[in-house]
Amino acid sequence: MHYGYFNGTIAPTDQLAVGVTDLGLLRGYGLFDYFLTYNGRPFQWDWYWERFQNSATRMHLPLLIGKEETYAVLMDLIERSGSVDVAFRFVMTGGYSADSISIERPNLLILTEDIHPVPSIQYEQGIKVILDDYVREMAEVKSTDYKRVILMAEAIRAARASDLLYQKGGEISELSRSNFFIVKGERLITPDRHVLRGITRRTVIQLAQTDFKVEERPVLLSELYDADEAFTTSSTKKVLPITQIGELTIGDGHVGPKATFLLERFNDFIKNW
Ligand SMILES: *Cc1c(COP(=O)(O)O)cnc(C)c1O
């Protein structure tokens with residue numbers, strides 16, 4: 001059973017409720033974060049906390065709880081969940097607003113959830129994504145606004161794809177919920193503009209330092225044609241190979257050795273976390 005924290009109170013998740021004058025509901029004004037624990041410890045907690053704080057600041061929402069206090073809440077929620085490892089979801093909204101527009105006091109929710117791992121066949125075969133002419137607004141904020149990918153669900157299914165790869169004016173940014181990398185020889189290249197600063201992206205860049213030349217820079221669509229490999233990173237996807245982008249097959253269409261190597265490095269890293 002999962003428990004959650006809401007503005008200072010801990011209760012079973014199904015007993016938590018947010019009121020109807022919340023700006024998240026009325027105006028779509030909200031942000032979130034999402035991460036896993038490994039061996040009972042929140043993965044890269046310092047980095048996730050820093051990002052959460054950064055998202056809140058950019059959204060003009062004050063954080064009314066400190067890092068140490070939040071960590072104690074996490075430990076409490078893990079223990080109550082009865083699982084060794086859980087997923088954590090933080091959700092922060094504009095809160096209740098008398099005039100339906102002004103921020104008074106944000107609402108903060110911290111939930112544990114079951115972890116939903118990516119099916120192993122996707123790691124074995126790689127995934128297909130389709131290009132979408134879109135760039136996320138305030139890309140550095142982990143916003144609760146995912147209407148683009150929800151609206152595109154039909155198109156993704158029709159193309160037998162798993163996700164969207166956003167591009168605007170020929171410049172690639174990221175997938176709907178994960179970051180994007182290409183491999184060319186010993187070079188690992190990832191977009192650095194209009195992207196959410198993924199913690200998995202940051203971890204992979206760190207793990208890759210000794211074996212790759214890492215380039216964080218704008219990436220153009222034209223660079224996909226001679227990419228050896230492509231993959232995406234996120235907290236749940238870890239390092240997930242991409243073998244097809246629209247009509248374009250990446251490399252030989254199979255999962256490549258570099259993505260496999262980085263996934264192994266990542267799995268070793270979390271095993272010892
Ligand atoms: C969450 C997310 C990512 C991946 O971030 P991680 O910290 O690695 O999980 C990338 N892009 C978007 C738009 C996201 O919402």
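Which atom of the ligand is 2.7 Å from an N or O atom in the side chain of glutamate 174? I looked this up first, keeping in mind that the model is predicted.

**Entry: ligand**

The atom is a nitrogen of the ligand, and its partner is an N or O atom in the glutamate 174 side chain, 2.7 Å away. I then asked how much of the ligand the protein covers. The ligand on its own has 380 Å² of accessible area, and the protein covers 97% of that.

I listed the surroundings next. The ligand is surrounded by 16 residues. The closest are Lys142, Tyr146, Glu174, Thr200 and Ser235. For lysine 142 I noted a polar side-chain atom 2.8 Å from an oxygen atom of the ligand. For arginine 51 I noted an N or O atom of the side chain, 2.8 Å from a ligand oxygen.

**Entry: sheet**

I traced the strand order of an open sheet and wrote down E2-E1-E6-E5-E3-E4, which makes 6 strands with antiparallel pairing. Strand E2 (9–12) and strand E4 (41–42) are the edge strands, and each pairs on one side only.

I checked what packs on this sheet. Helix H3, residues 67–81, does so and touches E1, E2, strand E3 (30–38), E4, strand E5 (87–96) and E6. I recorded an angle of about 35° between the direction of H3 and that of E6.

I looked at one strand pair in detail. Strand E1 (residues 3–6) and strand E6 (residues 105–113) run antiparallel and are joined by 3 bridges. In this pair I found tyrosine 5 opposite isoleucine 110 of E6.

**Entry: salt bridges**

I noted 23 salt bridges in the structure. One of them links glutamate 113 with arginine 89, with the closest N and O atoms 2.7 Å apart. Glutamate 113 is in strand E6 and arginine 89 is in strand E5, so this pair ties together parts 24 residues apart in sequence.

How values were computed: Residues numbered from 1 in each chain as written. Predicted model: local features only at pLDDT ≥ 70, side-chain atom pairs only at ≥ 80, totals over all residues. Heavy atoms only, no water. Pairing = 2+ DSSP bridges. Helix = DSSP H or I, 4+ residues; strand = E, 2+ residues; numbered from the N terminus. Contact = heavy atoms within 4.5 Å. Axes fitted to C-alpha atoms, helices over the stretch in contact; angles between N-to-C directions. Near = heavy atom within 4 Å. Polar contact = N/O pair within 3.5 Å; in protein donor to acceptor, adjacent residues only side chain to side chain. Areas by Shrake-Rupley, 256 points an atom, 1.4 Å probe, with all protein chains shown as cover. Salt bridge = Lys/Arg side-chain N within 4 Å of Asp/Glu carboxyl O.
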